[in-house]
Amino acid sequence: MQATSRVLVTFALALAVGVALPHGAGFAANSGGGGSSSSSGSSSSSGSSNSSGSSTSITAMYSQASAKVNATDYRGAMSILDKIIAKDPRNPDALNLMGFCERKLGNPDEALEYYEKALAIRPNHVGANEYLGELYLEMKNLPKAEERLKVLAKACGTCEEQQELQEKIAKYKAANNS
């Protein structure tokens, strides 16, 4: 399922059951995964004390940021994500998506910082683990990318994020004769 479809399906399901997803849980960022599988524990609360109204507001804002990412408007997404992070600095989904935007804009150090913050809060966050693995490949650090793949295998088995990182590692190895 494509990332945009995952975003819409997850959001529609949440609305259908009347659940306000805390911190935008379950939304995908763009191609390459980033969605949070409930089996990974990544859709649980990050421990902040947002009221339901605030959580709904953050969910709506996260949905807007995801839509901007899907449209490759990374700077537009970042302005929304900044607001989410200001309200909830321990939101691993927003931190992950911010890292994704930074990486796509060519800022690997900033991306690394956001991914590490997300993983400090939720170590099994499938999106952050996948994207961090991709960042490590861009940084030509295959062993670190393979570490992220192992974490994904434990966190979600053969989920889409694990499969995509595995494919990217295989392509990296083929291109670099590793």
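Okay, let's start with one residue: Glu 130, which sits in helix α6. Just so everyone knows, this is a predicted model. So, is Glu 130 buried or exposed? Its relative accessibility is 0%, so Glu 130 counts as buried. It also has a partner to look at from further along the chain: Glu 160 is 30 residues away in sequence, and the two C-alpha atoms are 9.7 Å apart in space.

Let me zoom out for a second. What do we have in terms of secondary structure? Eight helices and zero strands. Written along the sequence, that's just α-α-α-α-α-α-α-α. There are 178 residues in the protein, and 49% of them count as buried. And if you take the contacts between residues at least 6 apart in sequence, 62% of those join residues at least 24 apart.

Back to α6, and how it packs on α4. Here α4 is residues 92-104 and α6 is residues 126-138. Their axes come within 10 Å and cross at roughly 20 degrees. An angle under 35 degrees counts as roughly parallel, and therefore that's what we call α4 and α6. The crossing of α4 past α6 is left-handed. Which residues of α4 meet α6? Those are Asn 96, Phe 100 and Arg 103. Over on the α6 side you've got Gly 127, Ala 128, Tyr 131, Glu 134, Leu 135 and Glu 138. By class, this contact has four nonpolar residues, two polar and three charged.

Now the other neighbour, α5. The axes of α4 and α5 come within 8 Å, and they cross at roughly 160 degrees. That's over the 145 cut-off, so α4 is roughly antiparallel to α5. This crossing is left-handed too. From α4, the contact takes in Pro 92, Leu 95, Asn 96, Met 98, Gly 99, Phe 100, Glu 102 and Arg 103. From α5, look for Glu 110, Ala 111, Tyr 114, Tyr 115, Lys 117, Ala 118 and Ile 121. Split that by class and you get nine nonpolar, two polar and four charged residues. If you're clicking through, note that Asn 96, Phe 100 and Arg 103 are on the α4 side here, and they're also on the list for α6.

Okay, the core. How many residues are in the largest nonpolar core? There are 42, and Leu 81 and Ile 84 touch the most other members. The elements giving two or more residues to this core are α2 (52-70), α3 (74-87), α4, α5 (108-121), α6, α7 (142-156) and α8 (160-176). Let's stay with Ile 84. Leaving aside residues up to four places away in sequence, Ile 84 touches Ile 58, Met 61, Tyr 62, Asn 91 and Ala 94.

Last stop is Lys 68, over in helix α2. Relative accessibility there is 32%, so Lys 68 counts as partly exposed. What does Lys 68 touch, once you leave out residues up to four places away in sequence? You'll find Asp 73, Gly 76, Ala 77 and Ile 80. With Ile 80, we're looking at twelve residues along the chain and 9.4 Å between the C-alpha atoms.

So, to wrap up with the two residues I singled out: Glu 130 in α6 is buried, whereas Lys 68 in α2 is partly exposed. Okay, that's me done.

Note on methods:
Residues are numbered from 1 along each chain as its sequence is written. This is a predicted model: local features need pLDDT of at least 70, side-chain atom pairs count only at pLDDT 80 or more; totals for chains, interfaces and linings use all residues. Side-chain values use heavy atoms; hydrogens and water are left out. Axes are lines fitted to C-alpha atoms, for helices over the stretch in contact, and angles run from 0 to 180 degrees between N-to-C directions. Helices (H or I, at least four residues) and strands (E, at least two) are DSSP runs, numbered from the N terminus. Angles under 35 degrees count as roughly parallel, over 145 as roughly antiparallel, 65 to 115 as roughly perpendicular and the rest as oblique. A crossing is left-handed if the near helix is turned anticlockwise from the far one by less than a right angle, and right-handed if clockwise. Contact means heavy atoms within 4.5 Å. Ala, Val, Leu, Ile, Met, Phe, Trp, Tyr, Cys and Pro count as nonpolar, Asp, Glu, Lys and Arg as charged, and the others, Gly among them, as polar. A nonpolar core is a set of buried Ala, Val, Leu, Ile, Met, Phe, Trp, Tyr and Cys residues joined through side-chain atoms within 4.5 Å. Buried means under 20% relative accessible area, exposed over 50%, partly exposed in between (1.4 Å probe, protein chains only).
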